[in-house]
Amino acid sequence: MIQTDKTAIVVRYANYRENDRMLTLFSPTHGLVEAVARGCRRPKSKLLSASELFALGEYELFEKNGRHTVTGFTLTENFYALRSDWERLSVGVYLLSLCEAAVQPGQPAQELFMLLLHTLSRLTFTEQPWRPLLTGFLVHYAAIEGIRPRLRHCMTCGRAIGPEDPAWFDPREGGIQCGLHRTPSMPPIAPAERRFLEHCLSHGSADWAERPGLSAPLPAIRAYVEQRLEQPVRVKLPTDSAD
Ligand SMILES: [Zn+2]
């Protein structure tokens with residue numbers, strides 16, 4: 001029997017029995033942790049706030065035979081304002097799913113945890129448009145997972161492609177291609193879109209915004225990241241029904 005305290009955020013839950021929930025927690029030091037929150041769906045439960053999506057705080061966990069039970073919780077932040085904007089809420093749920101897909105049980109993931117918290121904070125507490133914010137998250141996510149896209153040389157011939165030269169982004173190859181080696185079905189990636197990705201990688205999330213000369217290539221970078229996940233992300237984004 002072990003009692004531990006863990007900073008963590010709820011990335012998923014499943015209801016079971018009458019009043020319980022199985023929480024999937026993302027801890028920066030312990031990776032994914034499954035934990036039961038008993039009775040948390042009763043209106044007066046002290047674990048009510050611990051068992052919602054986006055609940056960030058200190059989880060008191062009791063471990064027995066490899067199973068975790070939540071015994072206490074101190075809330076740090078619940079990103080509550082996200083719930084008032086359906087679009088931003090679905091982007092937030094999408095971020096949680098991407099983290100769940102990348103993190104393993106027992107493996108620290110400090111950098112990804114900080115990326116998630118910074119992006120959720122921007123999404124919740126600022127007016128920053130969500131498309132460039134999500135594109136910035138995705139390109140950093142790729143860099144953390146060791147699959148940073150290649151943006152300066154053709155993936156096939158290795159030729160340097162200048163910042164203003166025509167280029168095509170191939171999500172399967174994970175980088176750009178020159179006019180000779182482009183895959184016919186792939187749309188071009190504009191200089192402003194390549195500049196946006198480079199800009200995100202060199203600036204913090206406060207600065208992930210479109211402006212003259214910078215344009216977020218969300219569909220290309222999203223397709224690239226999603227193709228590399230072991231399990232598909234089933235969360236829809238606000239753009240999906242319109243596409
Ligand atoms: Zn080439």
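User: What makes Ile9, Phe54, Phe79, Leu82, Gly92, Leu95 and Leu96 contacts of Leu120?

Analyst: Contact means heavy atoms within 4.5 Å, and Leu120 touches each of these residues, with residues up to four places away in sequence not counted. This is a predicted model, where local features need pLDDT of at least 70, side-chain atom pairs count only at pLDDT 80 or more, and totals for chains, interfaces and linings use all residues. Residues are numbered from 1 along each chain as its sequence is written, and side-chain values use heavy atoms, with hydrogens and water left out.

User: Why is the largest nonpolar core said to lie between domain 1 and domain 2?

Analyst: The core, a set of buried Ala, Val, Leu, Ile, Met, Phe, Trp, Tyr and Cys residues joined through side-chain atoms within 4.5 Å, has 72 residues, and those with the most contacts inside it are Ile9, Phe26, Tyr59, Leu120 and Tyr141. Domain 1 (2-80) and domain 2 (128-227) both contribute residues, so the core lies between them. The domain bounds come from an automatic or database domain assignment.

User: Why is Phe79 called buried?

Analyst: Buried means under 20% relative accessible area, exposed over 50%, and partly exposed in between (1.4 Å probe, protein chains only). Phe79 has 2%, so it is buried. Phe79 also has a positive phi of about 50° although it is not a glycine.

User: Why does Asn65 count as exposed?

Analyst: Its relative accessibility is 74%, so Asn65 falls in the exposed class. Asn65 too has a positive phi, of about 50°, without being a glycine.

User: What makes the arrangement around the zinc ion tetrahedral?

Analyst: Donors are N, O and S atoms within 2.8 Å of the metal (3.2 Å for Na, K and Ca); water is not among the atoms, so sites may look incomplete. Cys154 (SG), Cys157 (SG), Cys178 (SG) and His181 (ND1) coordinate the zinc ion at 2.1 to 2.4 Å. Four donors count as tetrahedral if all angles lie between 85 and 135 degrees. The 4 donor atoms subtend angles of 94 to 122°, so the arrangement is tetrahedral.

User: Are the zinc donors Cys157 and Cys178 buried or partly exposed?

Analyst: Cys157 has a relative accessible area of 40% and is therefore partly exposed, whereas Cys178, at 1%, counts as buried.

User: Why is Cys200 not in a disulfide?

Analyst: A disulfide is a pair of cysteine sulfur atoms within 2.5 Å. The closest cysteine sulfur to that of Cys200 is in Cys99, 16 Å away, which is too far for a bond. The structure holds 0 disulfides.

Definitions and conventions: Four donors count as tetrahedral if all angles lie between 85 and 135 degrees; four count as square planar and six as octahedral if opposite donors are over 155 degrees apart and all others between 65 and 115; anything else is irregular.
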